[in-house]
Amino acid sequence: METPGSQSSLHRANLERVVRAVRLAGSLTQAEIARTTGLSAATVSNIVRELKDGGTVEVTPTSAGGRRARSVSLSGDAGIVIGVDFGHTHLRVAIGNLAHQVLAEESEPLDVDASSSQGFDRAEELVNRLIAATSVDRSKIAGVGVGVPGPIDVESGTLGSSAILPGWIGARPAEELRLRLGVPVHVDNDANLGALGELVWGSGKGVRDLAYIKVASGVGAGLVINGKIYRGPGGTAGEIGHITLDESGPVCRCGNRGCLETFAAARYVLPLLQPGHGPDLTLEGVVRLARDGDAGCRRVISDVGRHIGSGVANLCNLLNPSRVVLGGDLAEAGELVLAPIRESVGRYAIPSAARQLSVLPGALGGRAEVLGALALALSEMGDSTLLDGSLPAVAPAFT
């Protein structure tokens, strides 16, 4: 038995610190592990050797700053995580291992008018199909991360009333999928998972404070503060789409007038251009036309950028992030939308906050949310289970 404060309990704690650092980052050099954990280089070297001998981590030669180094990652067969992203018009599923390697990924259309039970049926089928295709051992599944387009009540686990999918309001995704798949399931809104995906794999890598702005059928933000997703006590932090820009503006789906979403989301922007481009015009199509020089599409994208920049300026004044990452289809417009965002930030944000901010397009495109779901599952699993050679038991449902 380990006594708190004993040498054995301290060693165990150090083992878990190293495993956690590697698990969250994907791979780190031993020097990076030392900086991340605060442990000495000698202690890290001994722990890595012990973990390697036990099969928990893999060590490969690399270079850092032009010098030889050793990269440490969790063993590829130590466990499996699954990511599920429910979008307004799509379902995407990915399977990855604890070394942050994506083993399989697939997406398919999702009917926006479908009920939540139909969505869960489709997700279960797609997960099972990918498991079969990759010959994954189900006993090694450590958990599932799920993204949904709306706020999740942290107490009940239900999807809030401002969700984009009308047939899903009141659904309990974590409980439903846990019962279907038989493994722990963790749920968050799609903007938070987009932020997590870009933080781990994309344009947010290496920063501690960022905002991920997703513009699609709605407008939302995922907030990262000191390296962690900030959700707020009720799980609704980041609803930037409902910042009021004009009290006399259009009525928003939330019931207020003139929200940012009514000036930037696809459902409000597309009708401005459809008379000249047809009823089947999509936001992706607007971006493509704008890049090809269409004057109307370029003007609308510029206007949307200025409105988003006003919301970003508010974020700068309140939270002072070092980076804003723009996701969703709109990010493909590049400087056509990024330049107006920066212009509005420069105009409305406190000068010191604006100077410290960089505004970048997302690097992951439509994959940001499903990769964020993988990262969520990775972040929620325990380190002691890896060291003990067993995966966690099924988490209890929300009550």
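How many bridges join β10 to strand β11, and do the two run parallel or antiparallel? There are 3 bridges, and the strands run antiparallel. Keep in mind that this is a predicted model.

Strand β10 covers residues 219-225 and sits mostly under cover, with 6 of its 7 residues buried. On its other pairing, β10 meets strand β9 (residues 210-215), again antiparallel, through 6 bridges. Here's how the two pairings look side by side:

| Strand pair | Bridges | Direction | Residues between the strands |
|---|---|---|---|
| β9 and β10 | 6 bridges | antiparallel | 3 residues |
| β10 and β11 | 3 bridges | antiparallel | 2 residues |

V224 is a handy residue to find if you want to see both pairings. It is the bridge partner of L210, and it also stands opposite I229 in β11. Strand β11 itself takes in residues 228-230.

Both connections are hairpins: one joins β9 to β10, and another links β10 and β11. In the hairpin of β10 and β11, have a look at N226, which takes a positive phi near 55°.

Now for helix α10, which runs over residues 295-319. How far apart are its end C-alpha atoms? They are 35 Å apart, which agrees with the 36 Å that its 25 residues should span, because each residue counts for 1.5 Å.

Both ends of α10 have something to check. At the N-terminal end, D294 acts as the cap, with a side-chain oxygen 3.1 Å from the backbone nitrogen of G296. Just after the helix comes N320, with a positive phi of about 55°.

Technical notes: Residues are numbered from 1 along each chain as its sequence is written. This is a predicted model: local features need pLDDT of at least 70, side-chain atom pairs count only at pLDDT 80 or more; totals for chains, interfaces and linings use all residues. Side-chain values use heavy atoms; hydrogens and water are left out. Buried means under 20% relative accessible area, exposed over 50%, partly exposed in between (1.4 Å probe, protein chains only). Helices (H or I, at least four residues) and strands (E, at least two) are DSSP runs, numbered from the N terminus. Two strands pair if DSSP finds at least two bridges between them. The expected span of a helix is 1.5 Å times one less than its number of residues. A polar contact is a pair of N or O atoms within 3.5 Å; within protein, one must be able to donate a hydrogen and the other to accept it, and residues adjacent in sequence count only if both atoms are side-chain atoms.
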